[in-house]
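Here are my notes on the structure you passed along, set out as numbered points so that each can be checked against the coordinates.

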Amino acid sequence: MIKKSKVIICIGILLSSVLGLILGCLLYKDYKMQNEMIIICIYGILLTAFYLWILLQKSDSTHLKAPGFAFLIIFYHVFNLAILIFGMNLPAVYRPICAVPMLLTILFGIKTGLASMVLYSVVTVLFGLDPVEAILLYLIFGVVGSFLAVTFKSTIRLIVGSFSLVAVYAMFYVGLNYYTYGELLGNDFVTGLIGGAVQVLVFLCFFPFVARTINFNLDKKLVAICEDSFKPIEELKDRNPAVYEHSKVVAKLAGHAAKAAGINEKLVKAGALYHEIGQGLGGNYIKKGIEICNENNVPEAVIDIIKEHNINIAKPATKESAIVMLADTIISTMDGMKKKGTPIPDKVKLIDKILALRISKGYLDVCDLTAGDLNKIKDAFCGAWRKKDGTGDVDDLILDEPLEVPEELFE
């Protein structure tokens, strides 16, 4: 599904860029010289390829599995192409070029947002034959707007951030005008406010579609679904206390590692708590778990972890799924050794072996965990066990003093 979405995005964006640039040049052939149109097409195609390369590198996220998402990304691109082609007669300050890059930043990260910002800023200024301060306005505001947009994780932050963006746009517009002309005009600030409002309104028009993908207000939902009183958790506790306790331990270990690595701790804990929520109902526990989550409006990001925590079913596609998979493997391995009466080996050696095996088998190939992430995760795993004297980082993860076992245990 992800590969298919990538192909659709690649073809759609490249094709629309080529057709859009050619159409724009034909529309304005009476206003532009041939060399100008050639440069517009060359720069436009090269910058589109650069933006597409960055976007596809960051497009292994699970939201690409959502039906129609690839076409939504293409639509955003076509929308901005229309603005930069047909908006030539608009003053540069009123063209809402920055809205789409801010949306892309939320979905794919800062690099993708900035790459698209460079593309749209440069090409719209070339089409409009605008002065250099127009590019500076787009780029400076685009950078600030993109960094601010990734903080929009609740309704309050969205409202406050939107008003802030309008003010920031107006401030930059006034500052660049003063830098260029050496004077302040009475209506500059009002013009900037109107231009900023246009940028933000277009952003807000598209934001509901993005919010569905990123689980807007996700943190609040994650806290709520992890309460023992929440129906699926309460039912699991009554139905299968052993699985409930196992999930709680995995959640604590996984959350500890996620915090150490700077990865979404709340999402990791929720995913770990729900990773075996379908146990004890008969049939495929993963399918049962997904059904339970859908019935109780559990966020899609948690459902993705349920799907991807078991390496026999699917490889983890996100860092969060990978951490849950690794924590589950560690706890399950140790639980299995206890049941068999096998002495638990030195925890560092055991965790090293588990991580090395998962890496060698390619189970972490698509989740974007860096070597630095893995080192932090491994250190957190190794430091999460309380010794007999009560010291340690995580109170509920308690093992006896580790015992050495024969090396053949790891073969």
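**Notes on the predicted model**

1. The protein has 17 helices and zero strands, and the reader should keep in mind throughout that this is a predicted model. Of its 411 residues, 49% are buried. Among contacts between residues at least 6 apart in sequence, 71% join residues that are at least 24 apart.

2. The largest nonpolar core holds 62 residues, and the members that touch the most others are Tyr51, Ile73, Tyr76, Leu84, Phe127, Tyr138 and Phe203. Two or more residues of this core come from each of H1 (2–27), H2 (34–57), H3 (69–86), H4 (99–108), H5 (110–128), H6 (132–149), H7 (155–181) and H8 (188–214), with H3 giving the most, at nine residues. Tyr76 illustrates how the core is joined: leaving aside neighbours within four places in sequence, Tyr76 is in contact with Val100, Leu103, Leu107, Phe206, Phe209 and Val210. A second, separate core has 58 residues, among them Tyr244, Ala251, Tyr363 and Cys367. As general background, nonpolar side chains in soluble globular proteins tend to be buried together.

3. Helix H6 deserves a look of its own. With 18 residues, H6 reaches 25 Å from its first C-alpha to its last, which is close to the 26 Å expected at 1.5 Å a residue. The buried residues in H6 are Glu133, Ala134, Leu137, Tyr138, Phe141, Gly142, Gly145, Ser146 and Ala149, and what covers them includes H4, H5, H7 and H8. Tyr138 also appears among the residues that touch the most other members of the largest core.

4. Which residues pair in salt bridges, of which the whole structure has six? One of them joins the side chains of Asp130 and Arg95, with an N to O distance of 2.6 Å. Because Asp130 lies in the loop between H5 and H6 while Arg95 lies in the loop between H3 and H4, the pair ties together parts that are 35 residues apart in sequence. Both Asp130 and Arg95 are buried.

5. Another salt bridge is formed by Asp228 and Lys248, whose closest N and O atoms are 3.8 Å apart. This pair, too, links distant parts of the chain, since Asp228 sits in the loop between H9 (218–225) and H10 (231–239) and Lys248 sits in H11 (residues 241–261), 20 residues apart. Asp228 is partly exposed, with a relative accessible area of 32%, and Lys248 is likewise partly exposed, with a relative accessible area of 34%.

6. In the salt bridge between Lys319 and Asp373, the closest N and O atoms are 3.1 Å apart. Lys319 belongs to H15 (residues 319–340) and Asp373 to H17 (residues 371–382), so that the pair links distant parts of the chain, 54 residues apart. Asp373 counts as buried because its relative accessibility is 9%, under the 20% cut-off, whereas Lys319 is partly exposed, with a relative accessible area of 27%.

7. Where does Arg358 lie, and what surrounds it? Arg358 is in helix H16 (residues 347–360), and although buried it has no salt bridge, the nearest side chain of opposite charge being that of Asp328, 7.7 Å away. A polar contact of 3.4 Å does join the side chains of Arg358 and Thr329. Leaving aside neighbours within four places in sequence, Arg358 is in contact with Ile311, Met325, Leu326, Thr329, Tyr363 and Leu364; of these, Tyr363 is a member of the second core.

8. Two partly exposed residues complete the list. Leu126, found in helix H5, counts as partly exposed at 25% relative accessibility. Not counting residues up to four places away in sequence, Leu126 touches Lys32, Ile40 and Tyr43, and its C-alpha atom is separated by 6.3 Å from that of Ile40, 86 residues apart along the chain. Lys378, found in helix H17, is partly exposed with a relative accessible area of 24%. With neighbours within four places in sequence left aside, Lys378 is in contact with Ile351, Asp352 and Leu355; Lys378 and Ile351 are 27 residues apart in sequence and 7.3 Å apart in space, C-alpha to C-alpha.

Methods. Residues are numbered from 1 along each chain as its sequence is written. This is a predicted model: local features need pLDDT of at least 70, side-chain atom pairs count only at pLDDT 80 or more; totals for chains, interfaces and linings use all residues. Side-chain values use heavy atoms; hydrogens and water are left out. A nonpolar core is a set of buried Ala, Val, Leu, Ile, Met, Phe, Trp, Tyr and Cys residues joined through side-chain atoms within 4.5 Å. Buried means under 20% relative accessible area, exposed over 50%, partly exposed in between (1.4 Å probe, protein chains only). Helices (H or I, at least four residues) and strands (E, at least two) are DSSP runs, numbered from the N terminus. Contact means heavy atoms within 4.5 Å. The expected span of a helix is 1.5 Å times one less than its number of residues. Lys and Arg count as positive and Asp and Glu as negative; His and the chain ends are not counted. A salt bridge is a side-chain nitrogen of Lys or Arg within 4 Å of a carboxyl oxygen of Asp or Glu. A polar contact is a pair of N or O atoms within 3.5 Å; within protein, one must be able to donate a hydrogen and the other to accept it, and residues adjacent in sequence count only if both atoms are side-chain atoms.
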